[in-house]
Amino acid sequence: MSLTGQHILSSDLFDRGRLEELFGLADVLVPVARGEQVTRVLEGAVMASLFFEPSTRTRLSCESAFLRLGGAVTSTTGSEVSSLSKGESLADTSQVIAGYCDLAVMRHPEVSSIHEFAAVSNIPVVNAGNGAGEHPTQALLDMYTLYREFGRLGKSMDGRRIALIGDLRHGRAPHSLMKLLARYDDLTIVCVSPEGLGMPEELLELVAARGHRVEESHRPSVGLADADAIYATRLQTERFADKPLPYSDEFRVDRALVERVCRPDAVIMHPLPRDSRPGANDLGTDLNGDPRLAVFRQSDAGIPTRMALFASVLGVADEVRKSLRPATWHRPAYRRPDDAAFYRNTANIAD
Ligand code: NCD
């Protein structure tokens, strides 16, 4: 079944075949994301960008992806500036927006919000984060990052050891990622979290039922050892109504910990934002410049991945390849020193 016209509410929509198709299309779109080529396959289409919770990456990369496909974007951010603040229901808002736009991307603090919104929408609705629920487009770009990083390192996806660390109870990004990891084979998935912030049981059961080995640990120095990839996450403070934060500095994934326990070729990821304030127990900024730190390659991956998704949902995936032309303007290549190896091996990926 094709993705055309589908709502993208959960990452469980994507089986391995769909993921591989999307990643193939994302590879083709990397030069568009980098400003080397242009396409107009979505000319005339309008995307509604509805963010009722803070966002930098997801909103800007969804909007940039749609714009780079030749579409246009209209947006509202924060419920205080939309009619939701006047008591309008999500269902009414949804039906109004369907009359204006061709696809809607929505982020909202309530888990049930996206389902209420999509249930009455006759345009495709993309979940950009529903409270502590899911974040399927983040999981797609995370899987695409793993696919490219492991490709660069000459490793296959199957058989890998993947460690997820942090607030796995409230983190919607790791929830959606678990469902995609489950689609691969023979993984060892290590969930490392403080007591009380573990991965929801049903997600542990889902991956175990698909034949993967699942381990849980409260000790980062044990849980991160020998992992091929480490997926660090932020403590989701906005989901804790006044409760004390059960987090110790043991959970700071910094250079000292990485040097002590991680593989020399570990891929270190984080959906970002990371809390970079002094004393924060998050991914350390002292890892900046370490080629293992893939977080900015990961955020870059948001553009080709979301372009591939939007093109597929709006039924133009097959048009993309023949639509590409060189950009007539020049944007200096954006390459960080630690990305050199990555670019050397993948520069001609779309050729
Ligand atoms: C995440 C989110 O909003 O769920 N960020 C993102 O979209 N890249 C992770 C987070 O906020 O911790």
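A residue is called buried when its relative accessible area is under 20%, exposed when it is over 50%, and partly exposed in between. Keep that scale in mind as you look around this predicted model. By that yardstick, Glu-201 counts as partly exposed, because its relative accessibility is 48%. Let's start with the whole chain and then visit a few spots worth finding in the structure.

**The chain as a whole**

- The protein chain contains 13 helices and eleven strands.
- Its radius of gyration is 20 Å, close to the 20 Å that the globule rule gives for 351 residues, so the chain is as compact as a globular protein of that length.
- Measured out along the principal axes, the box filled by the C-alpha atoms is roughly 55 × 50 × 40 Å.
- Of the 351 residues in the protein chain, 56% are buried.

**A negative patch on the surface**

- Which residues form the negative surface patch? They are Glu-201, Glu-202, Glu-205 and Glu-216.
- Helix H7, which covers residues 201-209, gives the largest share of this patch, with three residues.
- Glu-201, the partly exposed residue from the opening, is found in helix H7.

**Leu-272 and Pro-273: a cis peptide bond**

- Most peptide bonds are trans, and most residues other than glycine have a negative phi.
- Leu-272 and Pro-273 are joined by a cis peptide bond, with omega at about 5°.
- Where does Pro-273 lie? Look in the loop between strand E10 (267-269) and helix H10 (295-300).
- Leu-272 lies in the loop between E10 and H10 as well.
- Leu-272 also has a positive phi, near 60°, although it is a residue other than glycine.
- Is Leu-272 buried or exposed? Leu-272 is buried, because its relative accessible area is 12% and the cut-off for buried is under 20%.

**Asp-186: another positive phi**

- Asp-186 is a residue other than glycine with a positive phi, and the value is near 60°.
- To find Asp-186, go to the loop between helix H6 (172-181) and strand E7 (188-192).
- Asp-186 counts as partly exposed, because its relative accessibility is 43%.
- Put side by side, Leu-272 is buried, whereas Asp-186 is partly exposed.

Conventions:
Residues are numbered from 1 along each chain as its sequence is written. This is a predicted model: local features need pLDDT of at least 70, side-chain atom pairs count only at pLDDT 80 or more; totals for chains, interfaces and linings use all residues. Side-chain values use heavy atoms; hydrogens and water are left out. Patches are made of residues with over 30% relative accessible area and no salt bridge: like charges are joined within 9 Å, nonpolar side chains (Val, Leu, Ile, Met, Phe, Trp, Tyr) within 5 Å. Accessible areas come from the Shrake-Rupley method with a 1.4 Å probe; for residues, only the protein chains shown count as cover. A salt bridge is a side-chain nitrogen of Lys or Arg within 4 Å of a carboxyl oxygen of Asp or Glu. Lys and Arg count as positive and Asp and Glu as negative; His and the chain ends are not counted. The place of a charge is taken as NZ of Lys, CZ of Arg, CG of Asp or CD of Glu. Helices (H or I, at least four residues) and strands (E, at least two) are DSSP runs, numbered from the N terminus. Buried means under 20% relative accessible area, exposed over 50%, partly exposed in between (1.4 Å probe, protein chains only). The radius of gyration is taken over C-alpha atoms; the globule rule is 2.2 Å times the number of residues to the power 0.38.
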